[in-house]
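Student: I would like to learn how to read a structure like this one feature by feature, moving from strand pairing to burial and then to the surface. Could we start with a single pair of residues and widen the view from there?

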Amino acid sequence: MKKFNLKMAATVMICGAFLFSSCVGSFGLHSKLSSWNQNISNKAVNELVYLVLNIIPVYGVCYLADALVINSIEFWSGSNPMASIGDVKKVQGENGNYLVETLENGYSITKEGDENASMELIYDKDLNSWNVVADGISTELIKMNNDGTANMTLPNGEDLTVTLDEQGVADARQAIMADAYYALK
């Protein structure tokens with residue numbers, strides 16, 4: 001009888017997690033650890049903490065927990081157990097900075113310095129759709145279908161059905177860019 005090979009078993013488990021879930025995931029736990037490490041102090045302290053957390057293998061354990069457990073939960077349930085509701089992040093855009101707050105079912109986006117310029121991106125689990133809510137009016141942006149397609153609402157109000165693959169993304173970009181081109185004229 002052959003000896004049980006721990007490396008082989010770990011490799012099979014990791015490959016199985018990626019092959020059977022088909023979800024790369026957001027790696028929330030690993031991202032939070034990395035973000036915490038980067039905000040401790042100066043570069044030298046950050047590097048020392050990074051090295052210690054790799055020697056102890058905190059980074060490795062977090063990454064493995066994300067890959068095997070948390071990302072699988074996120075894929076199958078549709079929600080990330082590591083998402084922090086109420087967290088606000090500053091994002092720099094073309095027209096200034098925006099504050100993005102994580103909600104239970106989406107995101108609230110507000111232009112920094114102009115609290116009246118805000119909107120929410122809300123996920124409706126029952127309809128499997130993403131909606132934008134601005135000035136109290138909700139508009140469906142995209143609805144995922146069970147047949148591997150999605151219905152998009154274009155800026156001109158027309159609907160477009162695309163496949164959930166690279167070709168579908170290219171079709172969606174082309175339709176949106178064509179609307180933007182004609183809107184500029």
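Tutor: Let us start with one rung of a ladder: the bridge partner of Asn 131 in β6 is Glu 140. Please keep in mind throughout that this is a predicted model.

Student: How many bridges join β5 to strand β6, and in which sense do the two strands run?

Tutor: A single bridge is one rung, and the pairing is read from the whole set: β5 and strand β6, which covers residues 137-144, run antiparallel and are joined by 6 bridges. The two strands form a hairpin with 2 residues between them, and in that turn Asp 135 has a positive phi of about 55 degrees.

Student: Which strand pairs with β5 over 5 bridges?

Tutor: That is strand β4, residues 114-124, which pairs with β5, residues 129-134, again in the antiparallel sense. One of the bridges places Leu 121 opposite its partner in β5, Val 132. This hairpin has 4 residues between the strands, and Asn 128 takes a positive phi near 55 degrees.

Student: What should I expect of side chains along a regular strand?

Tutor: As a general idea, side chains in a regular strand alternate between the two faces of the sheet. For a case to examine here, take Ile 142, which is found in strand β6.

Student: Why is Ile 142 classed as partly exposed?

Tutor: The class follows from the relative accessible area, where buried means under 20% and exposed means over 50%. Ile 142 counts as partly exposed because its relative accessible area is 23%. Its contacts, leaving out residues up to four places away in sequence, are Asn 128, Ser 129, Trp 130, Ala 150, Asn 151 and Met 152.

Student: Which residues make up the largest nonpolar core?

Tutor: Two of the residues that Ile 142 touches, Ala 150 and Met 152, belong to this core of 6 residues, together with Leu 154, Val 162, Ala 172 and Ala 175. To see where a core comes from, ask which elements supply it: β7 (149-153) and α5 (166-184) each contribute at least two of its residues. Ala 172 touches Met 152, Leu 160 and Val 162, when residues up to four places away in sequence are not counted.

Student: Is Asn 37 buried or exposed, and which residues does Asn 37 touch?

Tutor: Asn 37, found in helix α2 (residues 28-38), counts as buried because its relative accessible area is 4%. Beyond residues up to four places away in sequence, Asn 37 touches Asn 46, Val 49, Tyr 50 and Tyr 59.

Student: Where is Tyr 50 found, and which surface patch does Tyr 50 help to make?

Tutor: Tyr 50 is found in helix α3, residues 43-55, and is partly exposed because its relative accessibility is 37%. Tyr 50 thus has two sides to its description: contact with the buried Asn 37, and a share in a nonpolar surface patch of about 430 Å², made with Leu 48, Leu 51 and Ile 55.

Student: How many helices and strands does the chain have, and what share of the residues counts as buried?

Tutor: The chain has 5 helices and 8 strands, running from the N terminus as α-α-α-α-β-β-β-β-β-β-β-β-α. Of its 185 residues, 20% count as buried. The chain exposes about 13500 Å², of which carbon and sulfur atoms supply 60%. Among contacts with a separation of 6 or more, 23% are between residues 24 or more positions apart.

Definitions and conventions
Residues are numbered from 1 along each chain as its sequence is written. This is a predicted model: local features need pLDDT of at least 70, side-chain atom pairs count only at pLDDT 80 or more; totals for chains, interfaces and linings use all residues. Side-chain values use heavy atoms; hydrogens and water are left out. Patches are made of residues with over 30% relative accessible area and no salt bridge: like charges are joined within 9 Å, nonpolar side chains (Val, Leu, Ile, Met, Phe, Trp, Tyr) within 5 Å. Accessible areas come from the Shrake-Rupley method with a 1.4 Å probe; for residues, only the protein chains shown count as cover. A salt bridge is a side-chain nitrogen of Lys or Arg within 4 Å of a carboxyl oxygen of Asp or Glu. Buried means under 20% relative accessible area, exposed over 50%, partly exposed in between (1.4 Å probe, protein chains only). A nonpolar core is a set of buried Ala, Val, Leu, Ile, Met, Phe, Trp, Tyr and Cys residues joined through side-chain atoms within 4.5 Å. Contact means heavy atoms within 4.5 Å. Two strands pair if DSSP finds at least two bridges between them.
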